[in-house]
Amino acid sequence: MTAILVQLDRLLDFFGLPDLIHYTLFNGIKIIIVLLPLIITVAYFTYAERKIIGFMQNRLGPNRVGWGGLLQPFADVIKMLLKEVLIPSNSNRFLFLLAPVLSLTTALAAWAVVPFDNEFVIADIDAGLLYILAVTSLGVYGVILAGWASNSKYAFLGAMRSAAQIIAYEIAMGFALVGVLMASGSLNLGNIVEAQAGTSVLNWFVWPLFPLFLVYFISGVAETNRAPFDVAEGESEIVAGFHVEYSGIAFGLFFLGEYANMILITALTTLFFFGGWLSPFSEVSALEGSFLSEPSFAWLALKMSFFMFCFLWFRATFPRYRYDQIMRLGWKVFIPITIVWIVVEGIMVVAKVGPWSV
Amino acid sequence: MLANYAPILIFLCISGALGIVLLLLGMALGSGRKDPDKTSPYECGFEPFEDTRMRFDVRYYLVAILFIIFDLEIAFLFPWAVSLEQVGLFGLVAMAVFLGLLVVGFIYEWRKGALEWD
């Protein structure tokens, strides 16, 4: 990857462009190298979802377009582009169209600081985690604006529910991240992963911070409004929640944003708790020197795929929570657990009895 | 130092542009005629009645207010957590006092029933 980027830099030098254009172009190409695979991943994540849930329910899933249905996501995109974008009467036109763009932009923008291996990251900033928390919180504005601008009661109710749920779980999520910060001593995502490097799998933060990992991942599922916490959609009561009035590609943008957010949650869970791109076999002598013991992007992708599968697995397995149960889980279970764990971890860090070596 | 943040700005521009371009493309390609029944808000087969921006449960406000308190707390905890190694016992005790006060408030709102959704 680095070699390719160096070549690219040389190629741009060859054209002798001014520094500013050179810089923008170079970073623009880097960003496209991230965004394009991400969007393709989203497309095939939707395919995987339909296929996996299909198999779990003893159905075949999509199997008509292409080989075994492999072209289904592209057919869906073309279909959505060709559908009419309907703007309901009495709605606020500008806000109505702004909402999907906003939710897509914030969902994608968080990827700017996600490191993919120990070298490749678009913006290697020291306040990486703070940036992620800030940008993902902005996503709730897309939901509220959509519900408000639609001029529909169902959309309005869905937006209220969704917003309250997202901000409730954001607190539990933030507290869980404080635990990660105490263990790693850095806000930079690359450094957080490096802090987990060491002799074996036991160095990963998931072991000392196991309750925080559970809180973080379950909050992530709730944060993205996924089953079993998808009362914001609640197709059996409020038909589709905040995006009931959206059609065509406007709906498609919400969809893209939601799935990009899910993939982001899996990436962050992997980086914070499962050693990111580190190999689990780094110290196994039988595999010394082979690619299995090297840290690489493949490990990150493998771990992310597992958590992405979990998202689909949850959806096929659990019945939907009631709204009061969701709020009880967020406020009365997760927040006390994380507060207690932060205190315990704080004492361990100061007394230097923790398993993490800083 | 600040130059590290420049790619984020470019990233924001590109992802925003992607959304706008897709939306415009969809509006240009999508065909269809407008009629009053089609553009009226969805209402399960009824004629729409009442104002859409209706009253809603006050507990949503309560959640928002509680969120602000706790989110600020997290904002305080972040720098503390990163530098805990340096501030040591003094930092731990100071944050324990702060956290203790908030936990008292949390217990109060719990007992008052602010977290109940029945």
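Here is a friendly exchange about how the labels attached to this predicted two-chain model follow from its computed values.

Me: What makes I335(A) count as buried?

Reply: The cut-off for buried is 20 or more other C-beta atoms within 10 Å. I335(A) has 22 of them, so I335(A) is called buried. I335(A) belongs to helix 11 (residues 323–350) of chain A.

Me: And which residues does I335(A) touch, leaving aside its neighbours within four places in sequence?

Reply: I335(A) is in contact with I171(A), A172(A) and F175(A). For F175(A), the separation from I335(A) is 160 residues in sequence and 7.6 Å in space, C-alpha to C-alpha.

Me: Why is V65(A) called partly exposed?

Reply: Partly exposed lies between the two limits, 12 or fewer for exposed and 20 or more for buried. V65(A) has 15 other C-beta atoms within 10 Å, so the label partly exposed fits. V65(A) sits in the loop between helix 2 and helix 3 of chain A. Beyond four places in sequence, its contacts are L71(A), Q72(A) and A75(A). By contrast, P211(A) is 146 residues from V65(A) in sequence and 43 Å away in space, C-alpha to C-alpha.

Me: How do you know whether chain A is compact or extended?

Reply: The rule for a compact globule with 358 residues gives a radius of gyration near 21 Å, and chain A has 22 Å, so the value agrees with a compact globule. Along its principal axes, the C-alpha trace of chain A spans about 65 × 60 × 45 Å. Of its 358 residues, 50% count as buried. Contacts also reach across the sequence: among those in chain A between residues at least 6 apart, 74% join residues at least 24 apart.

Me: What secondary structure does chain A have?

Reply: Chain A comes to 11 helices and zero strands.

Me: What makes helix 5 of chain A largely enclosed?

Reply: Of the 22 residues in helix 5 of chain A, 16 are buried, so the rest of the structure largely encloses this helix. Helix 5 (residues 128–149) reaches 32 Å from its first C-alpha to its last, close to the 32 Å expected at 1.5 Å a residue. Just after this helix, N151(A) takes a positive phi of about 60°.

Me: How does the span of helix 2 of chain A compare with the one expected?

Reply: Helix 2 (residues 19–56) of chain A has 38 residues and reaches 54 Å, close to the 56 Å expected at 1.5 Å a residue. N58(A) follows this helix with a positive phi, near 60°.

Me: Which residues of helix 2 of chain A are buried, and what covers them?

Reply: The buried ones are N27(A), K30(A), I31(A), L38(A), V42(A), Y47(A) and K51(A). Their cover includes helix 3 (72–82) and helix 9 (248–273) of chain A, together with helix 1 of chain B. Two of those buried residues, L38(A) and V42(A), are also touched by A260(A), as are A107(A) and L108(A), not counting residues up to four places away in sequence.

Me: Which residues of the largest nonpolar core touch the most other members?

Reply: In this core of 128 residues, they are V113(A), A159(A), A172(A), L181(A), L253(A) and A260(A). Helix 6 (residues 153–184) of chain A gives the largest share of the core, 23 residues.

Me: How do you know that helix 4 of chain B is not straight?

Reply: A straight helix of 29 residues would span 42 Å at 1.5 Å a residue, but helix 4 of chain B spans only 34 Å between its end C-alpha atoms. The helix has a kink of about 70°, centred on F90(B). Just after helix 4, G113(B) takes a positive phi of about 90°.

Me: What else describes chain B, and how many of its residues are in contact with chain A?

Reply: Chain B has four helices and zero strands. Of its 118 residues, 15% count as buried. At the interface, 52 residues of chain B are in contact with 64 residues of chain A. Helix 1 of chain B gives the most to the side of chain B that touches chain A, with 16 residues. That side divides into 35 nonpolar, 12 polar and five charged residues.

Technical notes: Residues are numbered from 1 along each chain as its sequence is written. Chains are lettered from A and ligands numbered from 1 in the order in which they are written. This is a predicted model: local features need pLDDT of at least 70, side-chain atom pairs count only at pLDDT 80 or more; totals for chains, interfaces and linings use all residues. A nonpolar core is a set of buried Ala, Val, Leu, Ile, Met, Phe, Trp, Tyr and Cys residues joined through C-beta atoms within 7 Å. Helices (H or I, at least four residues) and strands (E, at least two) are DSSP runs, numbered from the N terminus. Two residues are in contact if their C-beta atoms, placed from the backbone, lie within 7 Å. Ala, Val, Leu, Ile, Met, Phe, Trp, Tyr, Cys and Pro count as nonpolar, Asp, Glu, Lys and Arg as charged, and the others, Gly among them, as polar. The expected span of a helix is 1.5 Å times one less than its number of residues. The bend at a residue is the angle between axes fitted to the seven residues ending there and the seven starting there. The radius of gyration is taken over C-alpha atoms; the globule rule is 2.2 Å times the number of residues to the power 0.38.
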